[in-house]
Amino acid sequence: MSPDAVGRDEDFQKLFPNEYMVIRMKHTKGKRNRVRSHHALRATHYAVCGHCGKEVLPHVMCQNCGYYAGRQVVDVLAKLDKKERKKKEKELHEHEEEAADKGKELSAEELSHK
Ligand SMILES: [Zn+2]
């Protein structure tokens, strides 16, 4: 390379500091597509709360009733005021009754089928 060419090269690097990087890091379309083949998002899977029956993230306390692994971890009623607490208590109690009724019905049906 002539000294003149080296000078131009330095100017080019000053103007476009990233241009050389692009050439070195260039990947083929196949490489790009192989990498992107693992970028798809999956749908979130939910478990059902054993206490109130709402959808919950697995291995996470239920945000609705504060139960985890069959026991109460957080008192969800503690921070609510009187009116909201009454409403929430009623809601949670309804779920408990529904769950109990369903359990009875299912066992009766199962017995009749068998
Ligand atoms: Zn729950």
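Which residues does Lys88 touch, not counting those up to four places away in sequence? In this predicted model, the partners of Lys88 are Val76, Leu77 and Leu80. Lys88 itself lies in helix α4. It has 15 C-beta neighbours inside 10 Å, so it counts as partly exposed. The link to Leu77 also shows up in the backbone: the two residues are 11 apart along the chain, and their C-alpha atoms are separated by 7.4 Å.

Next to Lys88 in the numbering comes Glu89, again a residue of helix α4, which covers residues 82-113. Glu89 has 13 C-beta neighbours inside 10 Å and is therefore put down as partly exposed; the exposed class stops at 12. Looking back along the chain, Glu89 and Val76 are separated by 13 residues in sequence, with 9.8 Å from C-alpha to C-alpha.

Val76 turns up again from its own side. With neighbours within four places in sequence left aside, Val76 is in contact with Cys65, Gly66 and Lys88. Val76 also belongs to the largest nonpolar core, a set of 5 residues in all, where it is joined by Cys52, Val56, Cys62 and Cys65. As a rule, nonpolar side chains tend to be buried together in soluble globular proteins. Here, buried residues make up 5% of the 114 residues in the protein.

Stepping back to the overall layout, the protein has 4 helices and 4 strands. Going along the sequence, these elements come in the order α-α-α-β-β-β-β-α. As for contacts with a separation of 6 or more, 12% of them are between residues 24 or more positions apart.

The loop between β2 and β3 deserves a closer look. Its flanking strands are β2 at 55-56 and β3 at 67-68, and His59 is found between them. Leu57 has its place in this loop too, and so does Val60. For Leu57, the count is 12 C-beta neighbours inside 10 Å, so this residue counts as exposed; a count of 12 or fewer is what that class asks for. Val60 is exposed as well, because 9 other C-beta atoms lie within 10 Å. His59 has 8 other C-beta atoms within 10 Å and is therefore exposed.

Two of these loop residues can also be placed against earlier parts of the chain. Leu57 and His45 are 12 residues apart along the chain, and 7.2 Å separates their C-alpha atoms. For Val60 and Cys49, the C-alpha to C-alpha distance is 10.0 Å, at 11 residues apart in sequence.

What about the backbone angles? Most residues other than glycine have a negative phi. His59 goes the other way, with a positive phi near 65° in a residue that is not glycine. Ala69, also not a glycine, has a positive phi of about 55°. Ala69 is found in the loop between β3 and β4, the latter being residues 71-72. Is Ala69 buried or exposed? Ala69 is exposed, because 8 other C-beta atoms lie within 10 Å of its own.

Notes
Residues numbered from 1 in each chain as written. Predicted model: local features only at pLDDT ≥ 70, side-chain atom pairs only at ≥ 80, totals over all residues. Helix = DSSP H or I, 4+ residues; strand = E, 2+ residues; numbered from the N terminus. Buried ≥ 20, exposed ≤ 12 C-beta atoms within 10 Å, placed from the backbone. Contact = placed C-beta atoms within 7 Å. Core = buried A, V, L, I, M, F, W, Y, C linked by C-beta atoms within 7 Å.
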